[in-house]
Amino acid sequence: MKKMKALLLDHHRPLSFTIMHRFLLKLSSSSTNPLRNSKFQRLILPSLNLFASGSPPPPSANPYSADSFRKSRAFSSKSRALGVRCISSEAGREAIEYDVVIIGAGPAGLSAAIRLKQLCQEKNTDLSVCVVEKGAEVGGHVISGNVFEPLALDELLPHWRQEQAPIEVAASSDKFWFLTKDRAIPLPSPFDNKGNYIISLSQLVRWLGGKAEELGIEIYPGFSASEVLYNASDEVVGIATKDMGISKDGSKKETFQPGVDIKGRVTLFAEGCRGSLSEKIIKKYKLREEVNAQHQTYALGIKEVWEIDESKHNPGEVIHALGWPLDPKTYGGSFLYHMNDRQVALGLVVALNYKNPFLNPYEEFQKLKHHPAIKRILEGGTVLQYGARTLNEGGFQSIPYPVFPGGAIIGCSAGFLNVPKIKGTHTAMKSGMLAAEAAFGALHEGSNMNTYWDSLRGSWVWKELYAARNYRPAFEYGLIPGLAVSAMEHYVLKGKVPFTLKHGKADHEATDLARKCKPIEYPKPDGVLSFDVPTSLYRSNTNHDHDQPSHLRLKDPKIPEKVNLPEYGAPESRYCPARVYEYVEDEEGKPKLQINAQNCLHCKACDIKDPKQNIEWTVPEGGGGPAYSVM
Amino acid sequence: MKILVAVKRVVDYAVKIRVKPDKTGVDTQNVKMSMNPFCEIALEEALRIKEAGFAKEVVAVSIGPSQCVDTLRTGLAMGADRGIHVEASYSFLPLTIAKILKSLADVENPGLIFLGKQAIDDDCNQTGQMVAALLGWPQATFASKVVLDKDKQSATVDREVDEGLETLSVDLPAVITTDLRLNQPRYATLPNIMKAKSKPIKKMTLEDLKVDIKSDIEIVEVTEPPKRKSGVIVSSVDELIYKLKNEAHVV
């Protein structure tokens, strides 16, 4: 590293090299080891270590009788016969037990479940697997670009091509544009999507759900996991689903049903980006500190699926764009993918470390659609669906230690998205598969969940994310330096440098004060290409039972009016793509925050971007939220 | 007494629908489907009657493609004892449904048939009435309150009508269709969903029920309602009268 520094300093130094010099000075001192600090403290998983003995119980004993459940608090290695289920009642809540409980029926969760059952079939045994999903249907909360790399799917279900998987449109071209207000300047594409497919991830997840059910996996959509369950040794033993039928004032309605404890010998969290329970687990067990990981950074993606004119439709075409409407200081870009059935997926991704609190990602997306190059594709078409979701941009630097006592975190809840490729589905699926293999080993062969961490680091997921680690952080220095580093990484370095760039401030800390920034005037929607939020929201099919307490909690209810509004210009009323947060006048004419929780798209932007981290996103009653079907 | 409840699988009420480009109907591909809300209310009432001890068994029936089994499973999870799925490859109009339900009633001999007052996809509000007529049974539609009298084998039903509330007494067996204010349907809890997996769903075909499905009605075209035209601001009363007389032709 010193040699490289010397090399640069000796040369005649143009501006680009000065900037490069600044990069090198900002390097993290502990990041010289690409595998990070391998001398991390091993997490002790005492209960799972009992599996070392691994012998089945004597046939006469019933290991899951209420009696033995009360006696043995830690889990035992006893395998049990298929279908034996214990429903015991403790403290008024029913408890149902499984070998493995998975929270989230997304690509990671379903891949883990399927892999578990495959391993059972291979070793001629069985494990009971339960997947809980807060969406009303599997796939209902799934939204993604998506140009799908089938690498993990080839490993998981090698015959997917013969099994009517909704993967049909092969990517045929990779266009890359730099947008100015009026022009689209073609640039050499940094992407190579040969062999990839343009899909609706919602449709693929539905298909995966069908495959999972065929294997005997129990999937329960419409149930949100609201609480992590711990045993006396502070190990995770499962989750509790949210009570249903509580009125807005907190009282129990006629239809009140208490939640159910779903206990697992292993619990896997696959809640997606900024999972509400995953975040709690990461904090509680200090999983980032464990491996000296940086904080996670995020972007907000806003997407529409359009049905366009046949003459403009070119299935397989992949377009990515940088530049307009975002300013050079704001990281982000747009995408337009041609699916089949005359459908195109169109979206804008805005990094949430933007500085100007007046930025409104939704309105920026509406502007994008008026760009001549985009407009000519959309004209004459209609919008089928709308949606939004945050995604991880932290990459390699932000991966926490994903194993905790009692289970592990998989998929985007941990954060395996490859930012320069803008793909996270294949790595999420692979992480689920690796966690499943570790869980199977722990439950069946007496090994340890830590093998998940080891297998992750030995897998192509790690290699890929390591090679991609410096692209995004380089943009901390601006658009041009970022592009320069990207080009260097892509064509020359490919991550083979001895340093790892650090992320800048956390997203919520990056927001400047309103008085330092210029308000942005956004044009009114024209109702043909651009729309107001309520119109778009209707197309997300989002809904929640209105008579329930707001699932968006304010840690301090006074902060919105005391801090958010006066100092930051109420950014939550601008970045929320569902108009959940509005400031209205109360009886005295003073502005008051109104939370329209019913509109929520479950994107988690507020949980991430609120300057004082005062907004906490928690799960609403199961079944609520968007109903994506082609996203 | 056995209670038969007809439940329909319809497009979920919160989903934005659109008409198919060929105008043959509403696009239901890749669209979230749920149990018709009024059917949920009907099922809930039947379950409450059973829990009060007036009925022994609640049977849920659904007519349609294989996905109707999902709707029936939801019904079983709410508490129905068994389900009947009448296989049908396309959606039938109310008279055909009524004929099928009549055939089923002849087989099952229920003391009460509960239906939702209408389905939210077609808003027909016909099936319950037609079933009662075909069976020759009394009917109480738009029920907002149902009270059973076991000894007299009758039901006192409050009906929501345009003029207010009407109270009817119907002798059993009878057909009751449910309105919004009758009850709040219960949630299907996780343990009940699990138990429902082992409850039986009987598959029946139209041949089994000997129903003639030939319909006298054919849907010719489905279009979106015309877009609302924007209003015009008039500058004087004279202009208003002129427009009302000569353009709108209402004066």
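Strand β2 of chain A, residues 93–103, has 10 of its 11 residues buried, so the strand is largely enclosed by the rest of the structure. The model in which this strand appears is a predicted one. Beyond β2(A), this briefing covers a small sheet and a pocket of chain A, a helix of chain B, and salt bridges, of which the whole structure holds 49 over all chains.

**Strand β2 of chain A and its partners**

- β2(A) pairs with strand β14 of chain A, residues 261–269, in the parallel sense, and 8 bridges connect the two.
- Within β14(A), A:Lys263 is the bridge partner of A:Glu97.
- A parallel pairing over 4 bridges also links β2(A) to strand β3 of chain A, residues 129–133.
- Within β3(A), A:Cys130 is the bridge partner of A:Val101.

**A:Pro107 in helix α5 of chain A**

- A:Pro107 belongs to helix α5 of chain A, which covers residues 107–122.
- With a relative accessible area of 14%, A:Pro107 falls under the 20% limit and therefore counts as buried.
- A:Pro107 and A:Thr425 are 318 residues apart along the chain, yet 6.7 Å separates their C-alpha atoms.

**An open sheet of three strands in chain A**

- Chain A contains an open sheet of 3 strands in the order β4-β8-β5, with antiparallel pairing.
- The edges are occupied by β4 (147–148) and β5 (169–170) of chain A; each has a single partner strand, so one side of each is left without a neighbour in the sheet.
- β4(A) and strand β8 of chain A, residues 197–198, run antiparallel and are joined by 2 bridges.
- A:Ile198 in β8(A) is the bridge partner of A:Val147.

**The second largest pocket**

- The second largest pocket encloses about 980 Å³ of space.
- Its lining comprises 39 residues, and those nearest the centre are A:Pro190, A:Phe191, A:Pro420, A:Lys421 and A:Tyr471.
- By class, the lining of this pocket is made up of 21 nonpolar, 9 polar and 9 charged residues.
- Elements of chain A that each supply at least two lining residues are the strands β16 (317–323) and β17 (332–338) and the helices α14 (460–467), α15 (471–474) and α16 (479–493).
- Helix α16(A) gives the largest share of the lining, 6 residues.

**Helix α1 of chain B**

- Helix α1 of chain B, residues 37–51, has 15 residues and reaches 21 Å from its first C-alpha to its last, close to the 21 Å expected at 1.5 Å a residue.
- The buried residues of α1(B) are B:Phe38, B:Cys39, B:Ile41, B:Ala42, B:Leu43, B:Glu44, B:Glu45, B:Ala46, B:Leu47 and B:Ile49.
- B:Gly53, just after α1(B), takes a positive phi of about 95°.

**Salt bridges in chain B**

- B:Lys8 and B:Asp122 form a salt bridge in which the closest N and O atoms are 3.1 Å apart.
- This pair links distant parts of the chain, 114 residues apart: B:Asp122 lies in the loop between β6 (112–116) and α4 (127–135) of chain B, and B:Lys8 in the loop between β1 (2–6) and β2 (9–11) of chain B.
- Both partners are partly exposed: B:Asp122 has a relative accessibility of 34%, and B:Lys8 has a relative accessible area of 26%.
- B:Arg18 forms a salt bridge with B:Asp27, with the closest N and O atoms 3.5 Å apart; B:Asp27 is buried, at a relative accessible area of 18%.
- In the salt bridge between B:Arg181 and B:Glu160, the closest N and O atoms are 2.9 Å apart.
- That pair, 21 residues apart, also links distant parts of the chain: B:Arg181 lies in the loop between β10 (174–178) and α5 (190–196) of chain B, and B:Glu160 in strand β8 of chain B, residues 154–161.
- B:Arg181 is exposed at 65% relative accessibility, whereas B:Glu160 is buried at a relative accessible area of 19%.

**A network of salt bridges**

- Salt bridges with shared partners connect A:Glu254, B:Glu44, B:Arg48, B:Glu51 and B:Arg186 into one network.
- One of the network members, B:Glu44, is also among the buried residues of α1(B).

Definitions and conventions: Residues are numbered from 1 along each chain as its sequence is written. Chains are lettered from A and ligands numbered from 1 in the order in which they are written. This is a predicted model: local features need pLDDT of at least 70, side-chain atom pairs count only at pLDDT 80 or more; totals for chains, interfaces and linings use all residues. Side-chain values use heavy atoms; hydrogens and water are left out. On a 1 Å grid over the protein atoms alone, a cavity is a set of points where a 1.4 Å probe fits but cannot get out, and a pocket is an open set with protein on both sides within 12 Å along at least five of seven lines; lining residues have an atom within 4 Å of a point. Grid points are joined across faces, edges and corners, and a volume is the space filled by probe spheres set on the points. Ala, Val, Leu, Ile, Met, Phe, Trp, Tyr, Cys and Pro count as nonpolar, Asp, Glu, Lys and Arg as charged, and the others, Gly among them, as polar. Two strands pair if DSSP finds at least two bridges between them. The expected span of a helix is 1.5 Å times one less than its number of residues. Buried means under 20% relative accessible area, exposed over 50%, partly exposed in between (1.4 Å probe, protein chains only). A salt bridge is a side-chain nitrogen of Lys or Arg within 4 Å of a carboxyl oxygen of Asp or Glu.
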